[in-house]
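Reader: I am new to this structure and would like to be walked through it step by step. Could we begin with a term that will be needed along the way?

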Amino acid sequence: MQSEFSQAVILVRRYVEQLARLGVRDFYIPRDALVVRKRGKAKEFEEMAEALKDCTRCGLSRSRTQVVFGTGNPGTDLVFVGEAPGYDEDVQGEPFVGRAGQLLTRMIAAMGLSRKQVYICNVIKCRPPENRDPLPEEIACCEPFLLKQLEIIRPKVIVALGRFAVQSLLRDMTPITRQRGRWRDYHGIRLMPTFHPSYLLRNPAAKREAWLDLQEVMRELGLPLPEKKT
Ligand code: SF4
């Protein structure tokens, strides 16, 4: 995947090579503004996570162990958004770490990426009791934090994982089976709805469709697709 940063590095390298062909041998390279910007994103995230860790905007603050902010690379082009933390995530403070998380890690690896190259978070940052669906008022309280995260990252693509994330982000109650695989728009960002890894663990036959959705995302990001077996 070519992030904004790596694309800029390629452009700078081409420019320097062009100057070298013209005979320029000495370069003054000022401090790289993009590197500074990337560090700036990480710092903004740190500050936001710190401010959010004592959040009491909704009732979920009373039952959670900790706020699960998100994990990964704030300079990425690709963000995965799930529903809300479950038991393992609430204990460990990281999204998608249980069995479903392990499957998500394998899905990301199948795309030729690692968890460190993408960003992973949830619509809701605190675990609902007994893993119930978050309430509309809880979504209304927490969604601005997701929007702020996306504003900082500015990804090219969001993959929304599962019925709840898709329906609540898009305000569209159409079943996930009819929404998956179709590009949508979320605040100006391309959004691909697909199945939640938990659903795929219960329904392994649906993995094929989820893989088709991820291949669409790979095409959009210019990632190399696996060669078809003959
Ligand atoms: S779910 Fe979101 S709004 Fe509610 S307490 Fe947690 S961080 Fe705050």
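Author: A nonpolar core is a set of buried Ala, Val, Leu, Ile, Met, Phe, Trp, Tyr and Cys residues joined through C-beta atoms within 7 Å. With that term in hand, we can turn to the model, which is a predicted one.

Reader: Which residues of the largest nonpolar core touch the most other members?

Author: In general, nonpolar side chains in soluble globular proteins tend to be buried together. The largest core here has 45 residues, and among the elements that give two or more residues to this core are strand E2 (78–82), strand E3 (119–122), helix H5 and strand E4 (157–161). Those that touch the most other members are Val79, Phe80, Val81, Val123, Val159, Ala160 and Ala165.

Reader: Which residues of H5 does valine 123 touch, leaving aside those up to four places away in sequence?

Author: Helix H5 covers residues 136–153, and the contacts of valine 123 include Val81, Ala165 and Leu169 as well as residues that fall within that range. Those in the range of H5 are Ile139, Cys142, Glu143 and Leu146.

Reader: How far apart are the end C-alpha atoms of H5, and what span should its 18 residues have?

Author: At 1.5 Å a residue, counted over one less than the number of residues, the helix should span 26 Å, and the distance between its end C-alpha atoms agrees with this. The helix nevertheless carries a kink of about 35° at cysteine 142, shortly before proline 144. For the end C-alpha atoms, the separation is 25 Å, against an expected 26 Å.

Reader: Which element gives the most residues to the shell around the ligand?

Author: Around the ligand there are 14 residues, of which Cys55, Arg57, Cys58, Cys126 and Cys142 come nearest. By type, the shell divides into nine nonpolar, two polar and three charged residues. Cys142 lies in H5 and is buried there, and the element that gives the most to the shell, with three residues, is helix H5.

Reader: Is leucine 135 buried, partly exposed or exposed?

Author: Leucine 135 sits in the loop between E3 and H5, and its C-alpha atom is 9.9 Å from that of leucine 60, although the two are 75 residues apart along the chain. A residue needs 20 or more other C-beta atoms within 10 Å to count as buried, and 12 or fewer to count as exposed. Leucine 135 has 14, so it is partly exposed.

Technical notes:
Residues numbered from 1 in each chain as written. Predicted model: local features only at pLDDT ≥ 70, side-chain atom pairs only at ≥ 80, totals over all residues. Near = placed C-beta within 6 Å. Helix = DSSP H or I, 4+ residues; strand = E, 2+ residues; numbered from the N terminus. Nonpolar A, V, L, I, M, F, W, Y, C, P; charged D, E, K, R; others polar. Bend = angle between axes of the 7 residues up to and from the residue. Contact = placed C-beta atoms within 7 Å.
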